[in-house]
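Hi,

Here is the structure I said I would pass on. Have a look at it first, and then read my notes underneath.

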Amino acid sequence: MIRPVVRYPDRRLKTPAVPIGVPGPAARRLAVDLQDTARSFPRTVGIAAPQIGVLWRMVYVDCSDHPKVPDAPGPMWLIDPTVELRDGAEVGREGCLSLPEITANVRRPTTITVSYTDLDGTRHRRDASGFEARVFLHEIDHLDGILILDRVASLTLDVFQRKQRSPKPPGN
């Protein structure tokens, strides 16, 4: 089911989410809702449960077909994710469904190792780099009540109004 996306300044976006532990039927329903909601927004590569108003530690990531992640594994649900290793640093432009009017330059590690539980209750570790690492870190931040606005060096220099796309005229 497609759910409404919570937008800043809703306090749920600044509230740390609670661990899920062993995923059950409610977690599986949440997983479907996260996927359906993310897929309803073109070019969206991730969404966290707090963004649809659920303060549980689950994120959905799918970098399939993204040119910056040629070996993307397909749709992933990360339950109770933790970042175990971080290395490097790079500033990159990020957008967020909960802050739809802006984008921001955010410094993030370039390589990470994240551990998480899947929907079957199995614990995994995944190494990620570049854009994929940025997506994981962005979504995990949501679980900790952290937004891209909290990560910018300067609200004046690093936050930008999102460019509005003009609709195509009929027939074009």
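Below is what I found, going from the sheet to the helices and then to one loop residue.

Keep in mind that this is a predicted model.

Let's start with the sheet. It is an open one built from 5 strands, in the order E1-E2-E3-E6-E7, with antiparallel pairing. E1 (46-48) and E7 (123-129) sit at the edges with a single partner strand each, so one side of each has no neighbour in the sheet. From one strand to the next, the twist averages 40°. If you want a spot to zoom in on, try E6 (residues 111-117) and E7, which pair in the antiparallel sense over 7 bridges. Within that pairing, Tyr116 has His124 of E7 as its bridge partner.

Both helices I looked at pack on this sheet. H1 (residues 25-39) touches E1, E2 (58-61) and E3 (76-87), and its direction makes about 40° with that of E2. H2 touches E1, E2, E3, E6 and E7, and its direction makes about 125° with that of E7.

Now for H1 itself. Its 15 residues should span 21 Å at 1.5 Å a residue, and the end C-alpha atoms are indeed 21 Å apart. Which of its residues are buried? They are Ala27, Leu30, Ala31, Asp33, Leu34, Gln35, Thr37 and Ala38. Those buried residues pack against E1, E2 and E3. When you look at how they are spread along the helix, remember that an α-helix has 3.6 residues a turn, so residues three or four places apart point the same way.

H2 covers residues 130-143, which makes 14 residues, and it reaches 21 Å from its first C-alpha to its last, close to the 20 Å expected. Of those 14 residues, 12 are buried, so H2 is largely enclosed by the rest of the structure. The buried set includes charged-looking names you might want to click on, among them Glu132, Arg134, Glu139 and Asp141, as well as Val135, Phe136 and Leu137. Just after H2, Gly145 takes a positive phi of about 75°.

One last residue: Ser98, in the loop between E4 (90-95) and E5 (102-108). Is Ser98 buried or exposed? Its relative accessibility is 1%, so Ser98 counts as buried. What is Ser98 in contact with, leaving aside its neighbours within four places in sequence? The contacts are Val5, Val6, Arg7, Tyr8, Leu13 and Gln51.

Shout if anything is unclear.

Cheers

Methods. Residues are numbered from 1 along each chain as its sequence is written. This is a predicted model: local features need pLDDT of at least 70, side-chain atom pairs count only at pLDDT 80 or more; totals for chains, interfaces and linings use all residues. Side-chain values use heavy atoms; hydrogens and water are left out. Helices (H or I, at least four residues) and strands (E, at least two) are DSSP runs, numbered from the N terminus. The expected span of a helix is 1.5 Å times one less than its number of residues. Buried means under 20% relative accessible area, exposed over 50%, partly exposed in between (1.4 Å probe, protein chains only). Two strands pair if DSSP finds at least two bridges between them. Axes are lines fitted to C-alpha atoms, for helices over the stretch in contact, and angles run from 0 to 180 degrees between N-to-C directions. Contact means heavy atoms within 4.5 Å.
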